[in-house]
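Work through the exercises below with the model open. Each task is followed by a stepwise solution.

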Amino acid sequence: MGTRLSIIVGRDHELALIGAALESARAGRGGAIFLVGEGGIGKSRLAGAAGERGSAAGMRLLRGRGSTVGPTVPFRSLTEALLSLVRVGDAIDVAALGPYRPILARLIPDWGAPPREQDGTSLVILAEAVLRVTALAAGGHGCLVTMEDLHDADPETLAVVDYLIDNLAGQPTLFLGAIRSDGESAALGLARAAGRRGSATVLELDRLSRADLRRMAGSYLDLPEQQVPEPAVDLVWAGSNGNPFLVEELLDDIADSGSWLPNPAGDHDPELPPTFVRGVGRRVESLGRQARQVLSIAAVLGSRFPLAVVRAVSGLPYRDLLNHLHSEVAAPLVAPDDHTPDWYVFRHSLIMDALLELLDPAERAGLAQQVADAIELSYPDLPGEWCQVCAALRLDAGQLAAAGRLFAEAGRRALALGAAQSAVALLGQAEELLVPDPLARADALETQLYALAEAGLIDRALATVDVLDQVGARIDRRRRARLHARLAWVANLDGRTVDGLDQVHAARALLGPGAAPEDIAPLDVVSAYLSLDLPGPGQLAEAESLARSAAKVAEDVPLPVVACQAWQLLGALLRPRDPDQATACLERSRSIAVHHDLPIWEIHALVRLGLDDALRDAGTDRLEQARDKASRIGAVTAQYQAEVNIALQAILRGEFAAAETLIDQVLAATTRLRLLEITQFMLVLRAVLAGHRGRRTDMDRALAELRQWPGDHSQVTPRVHGLARTFCALMEEDRDLARRELSTALLAQGRNPTTIRLAGREGLNLLLLALAGELDWAEYRSVSAEPAAQLRWDRQFALFARAVLTGRDGDPAAAAAAVDEALLVGSPYSMSRHLGLRLVAEAALADGWGTPVEWLRAAEEYFHGLGVTAVAGACRALLRRTGYRVAQRRTGFADIPWRFRSVGITLREYEVLRLLVGRLGNREIAGAMHLSQRTVEKHVSSLIAKTGLPNRVELAKFAATTE
């Protein structure tokens with residue numbers, strides 16, 4: 001009898017492409033290849049060859065395959081591939097994954113505690129985590145990820161694959177996927193779309209030619225190619241039509257029987273030829289009764305099966321079971337699974353299909369029930385994919401109610417993993433099977449609404465109102481109201497305010513006037529959030545009233561998630577008029593989250609508390625704490641929300657380089673992850689950063705990119721005009737334009753109040769009005785007395801405005817004191833502090849108070865270093881009007897320490913000062929600098945005058961202490 005083929009025939013072109021792709025990946029230029037063809041065409045052989053070549057080159061291998069057991073199991077092949085990293089001896093340093101480690105812990109429990117179910121995880125974030133783990137696994141040798149049977153993969157795994165192949169260009173990773181082409185599948189569509197856009201190479205595998213078949217037969221039968229009998233070639237060609245797997249099976253039959261005659265009819269079915277089915281049947285019939293039972297049980301289980309379940313159903317001892325599986329007849333059909341101990345696999349899915357065809361329907365149904373019973377005994381609580389496997393088996397056994405309940409549970413688990421699309425399919429199947437049980441059907445429908453929202457199928461979710469009408473007569477009003485409340489949340493998540501309010505009204509109508517408070521509270525919370533998106537000045541008050549009502553009830557019942565939502569919304573709503581009370585609300589939300597072990601809600605509270613700290617005192621400690629906590633539990637979205645506020649504070653503090661780095665990092669990730677809200681806020685911050693630097697082109701580019709993103713941008717209009725465009729105009733010394741931009745910001749804020757602050761009403765607007773002579777004391781006192789005016793950023797400008805008003809009233813001491821206080825309050829904010837000095841110095845010069853020359857010199861120095869030439873030039877022009885001699889800007893001037901530049905020391909004077917440290921005389925200094933002694937004497941005299949020191953000796957000591 002021949003042996004299994006050790007060479008690959010007729011695939012030289014494909015092997016060459018795979019080899020080149022492996023080399024490219026090792027060099028850091030990753031990519032993707034899809035092997036596409038009918039069953040048995042040789043996809044697995046090529047994937048195996050790629051693995052052998054990659055392993056020989058030192059590449060890390062990750063291998064997985066699609067699930068063929070009943071319905072698709074979420075992340076089945078992805079989990080199997082990642083488990084390859086757990087089993088190898090040189091495991092990767094998973095700590096290097098940072099916040100993505102807990103995300104992957106949902107699939108690999110050994111990698112830590114996964115995020116809580118209520119935390120949620122974006123599917124795209126999971127895909128980013130997989131992308132990063134492949135890069136980490138690659139090390140310096142590259143990584144090969146192979147996934148076979150992708151046509152059987154779940155939608156979530158395919159979404160991850162789609163994300164990977166679009167982002168592998170700069171990674172040392174090659175992805176290789178195998179897909180059957182017989183019949184359309186989502187995987188096949190994905191591969192062909194990737195090929196069209198250039199993200200992957202699609203290799204369509206053809207059947208072998210007759211010449212290749214002859215070569216294959218010779219190798220298989222241990223005969224020279226030219227000695228293979230023509231009748232044998234005819235027989236194999238007729239039965240296989242060039243399909244390599246079927247060629248091997250028929251060659252096995254030829255070798256075993258010695259038959260060299262072709263099938264006279266020449267009939268064959270390229271999918272599952274009768275010749276092949278008969279061949280499998282002959283092998284099975286040659287086995288004993290027990291061995292046939294073992295293989296039948298295995299086929300019902302699927303392409304992979306555990307010995308424990310087969311043993312439980314067959315009742316055979318472990319030794320007997322192994323003897324049957326390793327017998328000479330069974331060994332060509334099944335083999336040990338290389339990935340998992342005590343598991344076996346069919347050598348090809350066609351073998352499993354043939355075995356199932358040999359069972360009559362009643363026998364197959366009976367076996368399905370027995371296998372399901374055994375699984376439930378062997379795997380209590382049905383962990384992992386077993387719940388879904390059992391559901392499919394119960395369905396095959398005709399146990400519809402049991403199957404429906406198991407599909408519902410599998411759907412809930414899939415949703416907890418972030419596999420929303422799989423959850424939608426599973427819960428939809430459960431809902432159909434549970435029609436006779438209205439309560440169980442309602443449970444499945446409620447969870448399905450969550451899944452539809454997560455999958456972005458909002459229209460389909462809202463269309464379930466029709467199902468509610470069907471179920472409604474068979475469930476109580478409270479339960480129906482809960483379903484409408486869930487629909488309202490779905491609508492709110494997608495910004496469909498009107499649809500959301502319609503669902504809230506339907507729920508309230510069902511509950512009636514005597515509804516229990518615990519049924520009303522969730523409706524009040526969603527109504528409050530929906531109110532924020534309604535136009536008009538009164539909506540914030542409506543939202544606050546509803547949130548307060550929900551918070552009270554939620555704490556009494558308790559409903560901890562509702563309470564957290566309500567208190568956090570109240571914190572945002574109260575911040576403009578009562579910052580202390582707003583902080584108390586957020587602390588309350590955090591306390592509830594900690595008490596009820598709701599980490600994601602604790603982090604959201606920390607982010608908002610950190611924002612409060614930053615607005616009050618420019619501190620970011622609590623924002624950093626929130627970011628670290630989010631990173632530890634894998635709450636990537638919450639981490640980016642914290643970094644939005646950290647980036648804003650970096651801009652306000654004038655830490656422009658740090659802000660730019662953080663914005664670029666977060667934008668690169670959130671754009672790839674399609675996190676809409678965070679991406680839009682970061683684009684606003686990019687515009688603000690450009691505006692504060694006076695870079696109008698960069699600002700306009702960022703705002704143009706913002707407009708390309710969908711959604712209503714009215715929420716960010718006050719910041720766009722108040723923080724970006726207004727400051728850009730001031731950096732251009734166009735104060736009229738700045739006032740128009742600020743007016744636009746304040747008008748937008750007045751028409752549609754938001755919880756976003758820093759539009760400038762309580763700060764910069766007061767200063768610009770004061771400089772224009774349009775601010776009186778009554779308006780100043782009214783605005784600056786508002787609680788929102790106590791936020792540090794705004795308060796510095798309000799104090800500068802007070803200095804202008806006081807100086808104009810003829811009280812120079814009070815005006816100077818106001819400037820000193822403004823500088824103290826604005827000490828964290830370098831750019832705005834110097835801008836304030838530039839603006840207030842102009843008023844001080846006009847009204848004769850303060851030290852405007854000192855202020856203008858400091859401002860000129862700062863803006864010159866920043867590269868904002870318009871403001872630096874304006875400062876120099878004002879200095880010249882005072883008669884002050886402005887130093888020339890020579891090369892090396894920036895190297896002079898600020899303490900020297902601040903008193904007007906020139907570059908040449910600084911060079912003389914440095915030589916004084918060595919106690920050199922005028923003659924020696926003159927020689928070293930190629931100057932006359934007279935010139936050196938003048939420089940020394942000027943240095944003494946500018947520093948206020950009494951003599952040359954003290955000047956030398958002063959210079960020595962600053963070296």
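**Exercise 1.** Find how strand 3 and strand 4 are joined, and in which direction they run.

Solution. Take strand 3 (residues 143–148) and strand 4 (residues 173–180). Five bridges join them, and they run parallel. Strands are DSSP runs of E, at least two residues, and helices are runs of H or I, at least four, numbered from the N terminus. Two strands pair if DSSP finds at least two bridges between them. One of the partners: Cys143 bridges to Thr173 in strand 4.

The model is predicted: local features need pLDDT of at least 70, side-chain atom pairs count only at pLDDT 80 or more, and totals for chains, interfaces and linings use all residues. Residues are numbered from 1 along each chain as its sequence is written, and side-chain values use heavy atoms, without hydrogens and water.

**Exercise 2.** Place these strands in their sheet and identify its edges.

Solution. The open sheet has five strands in the order 2-3-4-1-5, with parallel pairing. Strand 2 (60–65) and strand 5 (201–204) each have a single partner strand, so one side of each lacks a neighbour in the sheet. The twist averages 15° from one strand to the next.

**Exercise 3.** Which strands does helix 5 lie across?

Solution. Helix 5 (residues 123–138) lies across strand 2, strand 3 and strand 4. Its angle to strand 3 is about 130°. Axes are lines fitted to C-alpha atoms, for helices over the stretch in contact (heavy atoms within 4.5 Å). Angles run from 0 to 180 degrees between N-to-C directions.
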